[in-house]
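Q: I'm new to this structure and would like a close look at just one part of it. Please stick mostly to chain A and walk me through it slowly.

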Amino acid sequence: MTQPQLDQLYQEIILDHYKHPHGRGLREPYEAEAHHVNPTCGDEVTLRVHMHDGAVQDVSYDGMGCSISQAAASVLYDLVHGRRLDEALRRQEAFVTLMSSKGQAEPDEELLEDAVAFAGVAKYPARVKCALLPWMAFKDAAARAAASGADEGGAAVKRPGSSGTVTAAANLGSEG
Amino acid sequence: MSFDVEKIRQDFPILDREVNGYPLAYLDSANTSQKPRQVLDVLDEHYSRHNANVARSVHTLGTESTEAYEGARAKVATFIGAGSPDEIVFTKNSTEAINLVAYSYGARLGPGDEIVISEMEHHSNIVPWQLLCERTGATLRWFGVTDEGRLDLSTLDTLVNERTKLVSVVHMSNTLGTINPTEEITRRAHEVGALVMLDCSQSVPHLPVNVAALDVDLIAFTGHKMLGPTGIGVLWGRSELLADLPPFLAGGSMIETVTMEKTTFMAPPARFEAGTPPIAQAIGLGAAVDYLTAIGMPAIAEHDRKITTYALDALSTVEGLRIFGPTVPVGRGGTISFDLAGVHPHDVGQVLDTVGVQVRVGHHCARPTCVRFGVPAMTRASFYLYTTTEEIDALVRGLNQVRKVFS
């Protein structure tokens, strides 16, 4: 990777989100929590979803990881909190598509906002999984929060068994 | 023969290449070493001229191949001071060698028996024992690690006791670089009748290792970290111990007589080498051993020590850098793991790559060691006989650039 490529990977937007993350910290209430880890680098994220009236009322998270994974969590918070669930999931899918593009896709800026900065990351297979870590945790937690039915009545009760740990190892090549 | 790093580098074609417009600074030899032309040529020669299966053919090629394969075994035996080539079992890697012992020797363990490892082990010297304990009801115990990154032997006499059946510890840590003193451990283990196994994956490539002098029972190491190909590793065991162990993997090449009801097995090492082995890889390892022997392991260890001293000094000039493990070049090898304040190792490695510096980042298959030092991951620079002070300088320049990007 050369210097211009480095600048593309570590865009100002990404470094900004990394240094000043939005929505960081675990909050209550929430209906589902997901804990995802990346075994190759030891990155971890714990992410909670609070649903209300079919909307993602809050996404709160904590974790440790590289600038890419931490910035991705911050951007995720901006993009999905307060959105209707289907809209949030549409953005989730668009982000996954962008990260699978190997840097060839033209991202939809209206839909992805700051997340378009991650187009440069998509060129680095070793870093794609960093960017996806919080987004996969969100997908997992959102699905379980929706399934809990809590969003319909607005109840904010953490149900036993609504927490899960997932290892993001699928086709990523663990190192040990 | 005097040690001339520039002359040595000419034997390694890959060291000529550039990465991102910069000269390659390969500082990841603890992960896998580069290969000299002498090893590459032997691989090419084997496949071009002698390729045939071993230990089963009467034809010329089969004989040549078998002689080269068994010749490699003899070279490896001499290299580590083994009593006989029959004490050398070829495996896929260190991991398989350790698993072989965990399954074969481990089958005789039961509740009440104890295995002792340490907190600075590679996952390959942790997980096989955890699984063994789950299978047999034996108990896993371990040495702690001091803040300085040394084995905490203060608990030796209670940790290793009459219930202990096997002590398996790393000779040189793949993260901290620590070279563990083994005398006290072997003395205590043998006193209580336990076996001692050393994970020599990092030590055999870098230090003169003599199994007789170490007075241990088993060691494991791997070819690709010592200039050889991937896919070939070694289990060394005392001959009477190996003779007493049941097979691990079963199949061709390891049998005497097979009937539909029952099979009898070959003596070691064949008993533990089921199926067609990694033939070219073993021969390549033999060539690597020739190369290392010609240069001399004491000279290689001395070069490692000089480079490590230089690197420890140079890294101490980088602001915010914290070294995990011994910070003095005593009782440690040329593997240095560190943290750069405020920057995740993934990001450190990525920026270093822009200036051609190749380091390992992550938990180095030694997550408990990372946890011991309170970090999720580390950045690791590791050296070998071809490492130069210029490459260390490039690392330090790169680290200062990392600090700039993330300031």
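A: Here is a walk through chain A, with a short glance at its partner towards the end. One thing up front: this is a predicted model, where local features need pLDDT of at least 70, side-chain atom pairs count only at pLDDT 80 or more, and totals for chains, interfaces and linings use all residues. Residues are numbered from 1 along each chain as its sequence is written, while chains are lettered from A and ligands numbered from 1 in the order in which they are written.

Let's start with the label. An unreviewed UniProt entry places "domain: NIF system FeS cluster assembly NifU N-terminal" at residues 10-130 of chain A. UniProt positions follow the numbering used here, feature names are shortened, and annotations may be inferred rather than shown by experiment. Across residues 10-130, chain A is 39% helix and 22% strand, with the end C-alpha atoms 13 Å apart. Helices (H or I, at least four residues) and strands (E, at least two) are DSSP runs, numbered from the N terminus.

Now zoom in on helix 2 (residues 12-19) and helix 3 (residues 67-80) of chain A, which pack at an angle of about 85 degrees, their axes 8 Å apart. Axes are lines fitted to C-alpha atoms, for helices over the stretch in contact, and angles run from 0 to 180 degrees between N-to-C directions. So helix 2 of chain A is roughly perpendicular to helix 3 of chain A, a label for angles of 65 to 115 degrees (under 35 is roughly parallel, over 145 roughly antiparallel, and the rest oblique).

Who meets whom? From helix 2 of chain A come Ile14(A), Leu15(A), His17(A) and Tyr18(A), and they meet residues of helix 3 of chain A including Ile68(A), Ala71(A) and Val75(A). Contact here asks for C-beta atoms, placed from the backbone, within 7 Å. By class, this meeting has six nonpolar, four polar and no charged residues. Ala, Val, Leu, Ile, Met, Phe, Trp, Tyr, Cys and Pro count as nonpolar, Asp, Glu, Lys and Arg as charged, and the others, Gly among them, as polar.

Chain A also touches chain B, with 18 residues from chain A and 19 residues from chain B. On chain A's side, the elements giving two or more residues are helix 1 (3-9) and strand 2 (43-52). Helix 1 of chain A provides the largest share, three residues. That side has eight nonpolar, seven polar and three charged residues.

As for chain B, UniProt's unreviewed entry gives residues 26-395 as "domain: Aminotransferase class V".

Note on methods: Contact = placed C-beta atoms within 7 Å.
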